[in-house]
Amino acid sequence: MNTETKTTTRTARRGHMILQKKNKKKRIYQISAVCFVVIAIGVVVLPWLLYFYTLSFLDVLPEPATNALTVEEQDKIWNENETNLDINNFNSITPYWFYRFLSMAIINDVFRIKVSEKDLTGNMSRIAGRIALDYSRAGHFHRGEARGMAIWHVTNMSLTIWIQRNWTSQEAIWTFKATSAK
């Protein structure tokens, strides 16, 4: 083999190695981008999947009461029970609230940093939560597929969110009054 052929062969090998390194880097970037997109989609979709999955443990979703109360009675019930939530923000909640609750619980329980009830509950309504709890306790929660108290609690949180998203604050107050009178 002459010197010129050896040099050409070496140059070709180096070029091939450089090309392999570039392809390897490109492949790593592609895999990283795919992982990032999958994780981002998971973060966006997970609360909604959890929300609909846990609502499936209820035989039917509740209907609001139809008995009207005076404005004064509604205000009194609201002010006695909702110390952290403004009535105008009753419907401003989504399943992404789970992230807020989880992060506040971790801060409080793991890091032992005191979290106020307002920070912990955020836009979660006590009235809607009580309606959800009473509804589940009334036998509308199917325990067959659901195992453990975690599913019970997450289902009640999902139902609370559902009530806040699908009812007006007046309907929630009317239903709360009707169920608490029992």
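# A guided tour of a seven-helix chain

At 1.5 Å a residue, the twelve residues of helix α7 (residues 169–180) should span 16 Å, and the C-alpha atoms at its ends are indeed 16 Å apart, which agrees.

**Before starting**

This is a predicted model, in which local features need pLDDT of at least 70 and side-chain atom pairs count only at pLDDT 80 or more, while totals for chains, interfaces and linings use all residues. Residues are numbered from 1 along each chain as its sequence is written, and side-chain values use heavy atoms, with hydrogens and water left out.

**The whole chain**

Display the protein chain as a cartoon. Seven helices and zero strands are present, giving the pattern α-α-α-α-α-α-α along the sequence. Helices (H or I, at least four residues) and strands (E, at least two) are DSSP runs, numbered from the N terminus. Of the 182 residues, 29% count as buried; buried means under 20% relative accessible area, exposed over 50%, and partly exposed in between (1.4 Å probe, protein chains only). A contact requires heavy atoms within 4.5 Å. Among contacts between residues at least 6 apart in sequence, 83% join residues at least 24 apart. The chain exposes about 12,300 Å², of which carbon and sulfur atoms supply 61%; accessible areas come from the Shrake-Rupley method with a 1.4 Å probe, and for residues only the protein chains shown count as cover.

**Stop 1: helix α7**

Select residues 169–180, the helix of the opening comparison. The expected span used there is 1.5 Å times one less than the number of residues. Within α7, S169, A172, I173, W174, T175 and F176 are buried. The cover over these buried residues includes α2 (71–81) and α5 (126–140).

Next, select Q74, which is placed in helix α2. Q74 is buried, with a relative accessible area of 11%. Leaving aside residues up to four places away in sequence, Q74 touches L69, Q170, I173 and W174.

Then move to T168, in the loop between α6 (149–166) and α7. T168 is partly exposed, at a relative accessible area of 36%. Add N91 to the selection: T168 and N91 are 77 residues apart in sequence but 7.4 Å apart in space, C-alpha to C-alpha.

**Stop 2: aromatic side chains**

Show the rings of Phe, Tyr and Trp (for Trp, the six-membered ring), which pair if their centres lie within 6.5 Å; planes under 30 degrees apart count as stacked, over 60 as edge-to-face and the rest as tilted. The structure holds eleven aromatic pairs. One of them joins W78 and F90 in an edge-to-face arrangement, 6.0 Å centre to centre with 70° between the planes. W78 lies in helix α2 and F90 in the loop between α2 and α3, so the pair ties together parts that are twelve residues apart in sequence. Both W78 and F90 are buried.

Select W97 and F98 next; this pair is tilted, 6.3 Å centre to centre with 55° between the planes. W97 counts as buried at 7% relative accessibility, and F98 counts as buried at 9%. Finally, select W48, Y51, F52 and Y96, which form one aromatic cluster.

**Stop 3: a nonpolar surface patch**

Switch to a surface view and colour F36, V37, I39, I41, V43, V44, V45, L46, L49, Y96 and Y99. Together they form a nonpolar patch with about 1,000 Å² of accessible area. Patches are made of residues with over 30% relative accessible area and no salt bridge, like charges being joined within 9 Å and nonpolar side chains (Val, Leu, Ile, Met, Phe, Trp, Tyr) within 5 Å. Helix α1 (residues 3–55) gives the largest share of the patch, nine residues. Y99, by contrast, lies in helix α3 (residues 97–109) and is partly exposed, with a relative accessible area of 35%.

**Stop 4: salt bridges**

A salt bridge is a side-chain nitrogen of Lys or Arg within 4 Å of a carboxyl oxygen of Asp or Glu. The structure holds two. Select E80 and K76, whose closest N and O atoms are 3.5 Å apart. Both lie in helix α2, four residues apart, about one turn of the helix, and both E80 and K76 are exposed.

End at D134 and R130, where the closest N and O atoms are 3.2 Å apart. D134 and R130 are four residues apart in helix α5, and are therefore separated by about one helical turn. R130 counts as partly exposed, at 40% relative accessibility.
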